[in-house]
Amino acid sequence: QKIQEMSQEVHDDNPYSRLMALKRMGVVENYTEIRNFTVLIVGLGGIGSVAAEMLTRCGIGKLILFDYDKVELANMNRLFFRPDQAGLSKVEAAKQTLLEINPDVEIDAFSYNICTMDNYDHFIQQISTGGKNGEAVNLVLACVDNYAARITMNRACGDLNQVWMESGVSEDAMSGHIQTIYPGETACFECAPPYVVASGGDEHEIKREGVCAASLPTTMGVVAGLLIQNTLKYLLRFGNVTYYLGYSSKTDYFPNYMMSPNPECPFRRCVEMQKVYNENPEKKRVKPENT
Ligand code: ATP
Ligand code: ZN
């Protein structure tokens, strides 16, 4: 009889029953809260598209997706997109697939460059009012592959005091990272510039035009998993949300640390937010135990 009960649980019609069991097992207080949350994702490449699928399968309330590119056959070494979607805009193709997987997710999708002057106002409006009831979104995820887009997101989230997570995979596809940015509390993207910029090199080298970067669905899948695991921890308030988590695939090394903000950060708003944070000790969030 015990076995019958167990198999009944496994074959429960509700695809979310396994997720709801997280409550019974004492992991989260209330998993169903996930339906109230909105996550905004910029970039639906190797990391962002998989991240969007994971959130969709977890029953997220709303996704707001941005990407200016089309699906290409050359992208088929990545997960998520299918050959028959070649030629469609990534956001349109993603919206189709994600709604097939879970029609309960509300999805807004915008096919444009977030960096241009014309689109920037619309973009920040989506961050500040894109939530399910017109409030700010709960989290912003950067899954882009270039410096300019990361700077735009750093400025937008800094100006709006919006918590966001940055992610990336190295050009040789062997390592990756995720980083959570709490304006004023942790280093922003400009506090600790990437090595090439810090050493006076050409910032365009970060993503060299015309150079074909390597990419592996494995590394990108791992980084997407780390990103969304930390998104779930942040939204549903369980475990420790990482500050900076690296992944070095050759040695299976996962460095994990906090980066303090730079009081001389070139982004003025970051320095202002650091003052606000330091002057309001009661507003300090509890630091994750593992840092
Ligand atoms: P590759 O560069 O190797 O051809 P990719 O462009 O798909 O692949 P990824 O790193 O897998 O690169 O994904 C990054 C995604 O971010 C891309 O889909 C790209 O179109 C998107 N992206 C980058 N910058 C912007 C931007 N400014 N506005 C909107 N989307 C952007
Ligand atoms: Zn900064």
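This is a short dialogue on how to read some features of a predicted model.

User: Before we start, what kind of model is this, and how are things numbered and filtered?

Analyst: It's a predicted model: local features need pLDDT of at least 70, and side-chain atom pairs count only at pLDDT 80 or more, while totals for chains, interfaces and linings use all residues. Residues are numbered from 1 along each chain as its sequence is written, chains are lettered from A and ligands numbered from 1 in the order written, and side-chain values use heavy atoms, with hydrogens and water left out.

User: Fine. How many helices and strands does the protein chain have?

Analyst: Helices (H or I, at least four residues) and strands (E, at least two) are DSSP runs, numbered from the N terminus. Here you get nine helices and eight strands.

User: What share of the residues count as buried?

Analyst: Buried means under 20% relative accessible area, exposed over 50%, and partly exposed in between (1.4 Å probe, protein chains only). In this chain of 291 residues, 46% count as buried.

User: Now the metal. Which residues are the protein donors of the zinc ion (ligand 2)?

Analyst: Donors are N, O and S atoms within 2.8 Å of the metal (3.2 Å for Na, K and Ca); water is not among the atoms, so sites may look incomplete. For this zinc ion, the SG atoms of C188, C191, C265 and C270 do the job, at 2.2 to 2.3 Å. Along the sequence, their spacing reads C-x2-C-x73-C-x4-C. C265 and C270 are both buried.

User: And what is the geometry of the zinc ion site?

Analyst: Four donors count as tetrahedral if all angles lie between 85 and 135 degrees; four count as square planar and six as octahedral if opposite donors are over 155 degrees apart and all others between 65 and 115; anything else is irregular. The ideal angle for four tetrahedral donors is 109.5 degrees. The zinc ion has angles of 101 to 117 degrees among its four donor atoms, and its site is tetrahedral.

User: How many residues surround ligand 1?

Analyst: A residue is near a molecule if one of its heavy atoms lies within 4 Å of it. By that rule 20 residues surround ligand 1, with G46, D67, R78, K90 and N113 the closest.

User: Which side chains have an N or O atom facing an oxygen atom of ligand 1, and at what distance?

Analyst: A polar contact is a pair of N or O atoms within 3.5 Å; within protein, one must be able to donate a hydrogen and the other to accept it, and residues adjacent in sequence count only if both atoms are side-chain atoms. Side-chain atoms of D67 lie 2.6 Å from a ligand 1 oxygen, those of R78 2.8 Å and those of D145 3.1 Å.

User: Let's look at T219. Is T219 buried or exposed?

Analyst: T219 counts as buried because its relative accessibility is 4%. It lies in helix 8 (residues 217-236), and a polar atom of its side chain is 2.7 Å from the backbone oxygen of A173.

User: Where is A173, and what is its phi?

Analyst: A173 sits in the loop between strand 5 (164-169) and strand 6 (175-181). Its phi is near 65 degrees, a positive value in a residue other than glycine. A173 is also buried, at 1% relative accessibility.

User: What about R237?

Analyst: R237 is not a glycine either, yet has a positive phi of about 55 degrees. You'll find R237 in the loop between helix 8 and strand 7 (244-248), and R237 is exposed, with a relative accessible area of 57%.
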